[in-house]
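Hi everyone, thanks for making time this morning. I'd like to walk you through a structure that will be new to most of you, so please have a look at it with me.

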Amino acid sequence: MRVLAVTANKGGVGKSTLAFQVAAELARRGLRVLAVDADKQADLTRYARGPRLAGMGLDAVLADPPASLDPRPYIGSVSDNLDLLGSSPRLADADLVLQSAQGGPFLIQRCLAVVAGAYDWAVIDTGHSEPVIAAVLVAADQLLMPTTASSPDARHAGDMLQTAVRVREELGLETGDLLQRSLITIWRRQHNGVADAEVIENLQDRFGDLVCPVVIPHSSRISEANDQRLTVREHAEMFGTARDRPLRAAVDAYEAVTDHLLARAGVAAGDLSGLRLLEEIDLDEPDLARVASAIRRVKSRRGLDDDELAEVLGRSLDWVRHTLAFGARHPEGEDRLTIRPRSRVAVRELTGSRPPRWRP
Ligand SMILES: Nc1ncnc2c1ncn2[C@@H]1O[C@H](COP(=O)(O)OP(=O)(O)OP(=O)(O)O)[C@@H](O)[C@H]1O
Ligand SMILES: [Mg+2]
């Protein structure tokens, strides 16, 4: 399981929104995702339709360690492949626990280790509590650090990198990989603003390719989606029109940020453990067009060539070529396998994942 921490020193820069959208985008790719709310404001919990009640999430997990550290009783299902370990204002109590308990900074890491086999990704939203942030930075493999394109925020864009180095070095933990994999994302609030453009350029000068080239647009539809407790993609599918370009741009931006994140994570062709979709494709499914469509998607998503695909599937190269050729002649399988909320039934049929409902 990879642990992604969405974190920034500044408030209101889009952390919780980004955490929710990226978690949902990863899940849409067939990866099993646990969204973790490590903020006592519990915004991620709200966006993801969680309960926000005391004793139902990370606050309970950190209440009485080590006895309480198993998160499983508090994990609920949000949608296919996406679960949530939520939060509540009671998480404020965790500050003292993390500071005073033995191995405090490692407690979130220990909690996640319990479910590491059940997920490909944990996506953690952080708030502003120093002890919680420190424990998240210890658990993280990768940081996603949003900033707006206005100068007071942007000036602090790299702060979390410094904090991560300090926290991890104090504990004797390695830091290089974490820094390599991290990404700063920019939310451009003024569509045509010269000042925004200058700040973006300045960030790129300072941080080079740590800055995600995809800039997240400003769109009131993003707040609407949050208020409706929908992902931006779900919101677009339910309420968007073909001409709603800002909404389309927002959907595309979160998708593209997720692509960059995966590329940065170094999820390469060899690392297929997370691709449950692939593991669970029924290669003996009688409808070959469906199989072809599924493997074509996996192939392009992972940049595999036919040889690598054959090896992963345990089939001959001829079989792979024949199936892909068949799929190209009969593309009707495609629609039924598209991983979008609209075709949840087809996905559930294929992956056997749980229905989207709250569990505890
Ligand atoms: N790209 C965007 N365009 C327009 N509004 C946005 C965008 N991203 C986030 N918002 C809105 O901005 C507000 C703050 O976003 P969010 O809660 O994600 O920030 P945050 O960094 O998590 O804040 P906090 O520091 O309080 O945790 C929310 O109302 C959200 O709906
Ligand atoms: Mg937040």
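I'll go through confidence, then the sheet, then the ligand, and finish with a pair of helices.

What we have here is a predicted model, so let's begin with how far to trust it. The mean pLDDT of the protein is 85, and 85% of the residues reach 70 or more. Two stretches stand out for a pLDDT below 50: residues 268–277 and residues 333–360. Beyond near neighbours in sequence, residues 268–277 have 17 contacts in the model, and residues 333–360 have 51. Where pLDDT is low, the predicted coordinates should not be read in detail, so please don't linger on those parts.

Now to the sheet. In what order do the strands of the open sheet run? Going across, you meet S3, S4, S2, S5, S1, S6, S7 and S8, eight strands with mixed pairing. At the edges sit strand S3, residues 75–79, and strand S8, residues 211–217, and each of these pairs on one side only. From one strand to the next, the twist averages 25 degrees.

Let's zoom in on one pairing. Strand S2, residues 33–38, runs parallel to strand S4, residues 82–85, with four bridges between them. Within that pair, leucine 34 has aspartate 83 of S4 as its bridge partner.

What packs on this sheet? Helix H13, residues 245–265, does, touching strands S1, S6, S7 and S8. The direction of H13 makes about 160 degrees with that of S8.

Next, the ligand. Which residues come nearest to ligand 1? Out of 18 residues around ligand 1, those are Gly11, Lys15, Ser16, Thr17 and Ser223. Two helices, H1 (15–28) and H11 (220–227), each supply at least two residues of the shell. By character, the shell around ligand 1 holds eleven polar residues, four nonpolar and three charged.

Last stop: helices H16, residues 306–313, and H17, residues 317–329. How do their axes cross? They come within 8 Å and cross at roughly 110 degrees, and therefore H16 and H17 are roughly perpendicular to each other. On the H16 side, the contact is made by Asp306, Asp307, Leu309, Ala310 and Leu313, and on the H17 side by Leu317, Val320 and Arg321. Five residues of this contact are nonpolar, three are charged and none is polar.

That's my tour, and I'm happy to go back to any part of it.

Terms used
Residues are numbered from 1 along each chain as its sequence is written. Chains are lettered from A and ligands numbered from 1 in the order in which they are written. This is a predicted model: local features need pLDDT of at least 70, side-chain atom pairs count only at pLDDT 80 or more; totals for chains, interfaces and linings use all residues. A residue is near a molecule or strand if its C-beta atom, placed from the backbone, lies within 6 Å of it. Ala, Val, Leu, Ile, Met, Phe, Trp, Tyr, Cys and Pro count as nonpolar, Asp, Glu, Lys and Arg as charged, and the others, Gly among them, as polar. Two strands pair if DSSP finds at least two bridges between them. Axes are lines fitted to C-alpha atoms, for helices over the stretch in contact, and angles run from 0 to 180 degrees between N-to-C directions. Two residues are in contact if their C-beta atoms, placed from the backbone, lie within 7 Å. Angles under 35 degrees count as roughly parallel, over 145 as roughly antiparallel, 65 to 115 as roughly perpendicular and the rest as oblique. pLDDT is the predictor's confidence in each residue, from 0 to 100.
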